[in-house]
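Here are a few exercises to help you find your way around a new structure. Take a look at the sequence and the model, then work through the steps.

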Amino acid sequence: SDIADVDAVLFRNEAYDKEILDAAKQVKVMARHGVGVDKVDLAHAEELGIWVTNGATSNSNSVAEMTIGFIIALGRNLLESNKAAHAADYGFRNRKAGMDLEGKTLALLGYGKIGKLVAKKAHYGLGMKVYAYDPLLDQMDTPDYVEKLEHFDDAFRIGDYVSAHYPASEQNNKTITIDQFRLMKQSAYFLNLARGEILVEADLLEAFQQGLIAGAALDVMNDEPPKADNPLLAIEHLLLTPHNAALTSDAKIRMALFAAQGIDEVLSGKTPSWPVNNPPVPRASMEVL
């Protein structure tokens, strides 16, 4: 009922299915405070004439910076080093050495806005060898320092760090399983700063239990917040953050601004700058006429 008589919706992580969209009789534009729109039935919104917009570039660099932070934290054992230092356990420095990142391999799953920025920072900032898998890579301009991978699984075989940056969808969900972790080097690390749904969490737990990988970092999980009995929470050397890679103070300003801009553009009869669907007969244009 709340959505029945409004002209615009500014949303974050709520789900908008067919039933809710059908109740949105007056809505002309839905603007995402952020980027991901996987919880919106985009096709049905399009049929109804509702523009869906996002802040396509609002937080890409913030997530890319966090990814680089994760890579350094994993490679240099920062979680365990911090704990040891607080306990005055300086013997830790002789028990577990970190790794240099220069010359190590970063395999990116997804080469969109975030993936491109991660690749650039990893190459120029850390001297890493960068590989990328993306089904659309043939249609993209790639710099000399990014080598294309032909198959999804190749990233897991080759990477010292395997970092996921692709969207959740019916096709993409649960595509990272124990089969992929079995392909990884035991010295390698897995990172997910995309969506929790793309990973089978029970399989990551099994990878830890079997010693298939050296470690992992997750900014996203299947349930957010995770249930208290989620066994991943008990793994001390698993780096977890509460889905806040994109939530810097700077990015929040951009997300708010870009969402408001999308609403203003549509209600003013303009084509939005960052559309994620393309209604053939937009409600807003009908009203302007």
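**Exercise 1.** Which element gives the largest share of the lining of the largest pocket?

*Solution.* Keep in mind that this is a predicted model.
- Start with the space itself: the largest pocket has a volume of about 1,300 Å³.
- Next, look at what surrounds the centre. The lining is made of 46 residues, and the closest to the centre are Val35, Ile114, His165, Tyr166 and Pro167.
- Now narrow it down to elements: α3 and α6 are the ones that give two or more residues to this lining.
- Pick the winner: α6, with four residues, has the largest share.
- To round this off, sort the lining by class, and you get 23 nonpolar, 15 polar and eight charged residues.

**Exercise 2.** Work out where helix α6 lies relative to the strands.

*Solution.*
- Find α6 at residues 113-126; this helix lies across β4 (105-109), β5 and β6.
- Check its direction against β4: the helix runs at about 175° to that strand.
- Then see how two of those strands fit together. β5 (residues 129-133) pairs with β6 in the parallel sense, over three bridges.
- For a concrete spot, go to Ala132, whose bridge partner in β6 is Lys148.

**Exercise 3.** Why is one side of β6 and of β10 left without a neighbour in the sheet?

*Solution.*
- Write down the strand order of the open sheet: β6-β5-β4-β7-β8-β9-β10, seven strands with parallel pairing.
- Look at the two ends of that order. β6 (146-148) and β10 (238-240) are at the edges and have a single partner strand each, so one side of each has no neighbour in the sheet.
- As for the twist, the average is 20° from one strand to the next.

**Exercise 4.** How many cavities of 30 Å³ or more does a search of the whole structure find, and which residues line the largest cavity?

*Solution.*
- The idea behind the search is simple: roll a probe the size of a water molecule over the atoms, and you see where empty space is left.
- The count comes to one cavity of 30 Å³ or more.
- About 100 Å³ of space lies in the largest cavity.
- Its lining residues are Ala73, Leu74, Asn77, Leu78, Leu79, Glu80, Lys96, Tyr189, Ala214, Gly215, His237 and Leu239.
- Two elements give two or more residues to this lining, α3 (60-75) and α4 (78-86). The largest share, three residues, comes from α4.
- Sorted by class, the lining of the largest cavity has seven nonpolar, three polar and two charged residues.

How values were computed:
Residues numbered from 1 in each chain as written. Predicted model: local features only at pLDDT ≥ 70, side-chain atom pairs only at ≥ 80, totals over all residues. Heavy atoms only, no water. Pairing = 2+ DSSP bridges. Axes fitted to C-alpha atoms, helices over the stretch in contact; angles between N-to-C directions. Contact = heavy atoms within 4.5 Å. 1 Å grid on protein atoms, 1.4 Å probe; cavity = no way out; pocket = protein on both sides within 12 Å on 5 of 7 lines; lining within 4 Å. Points joined across faces, edges and corners; volume = space filled by probe spheres on them. Nonpolar A, V, L, I, M, F, W, Y, C, P; charged D, E, K, R; others polar.
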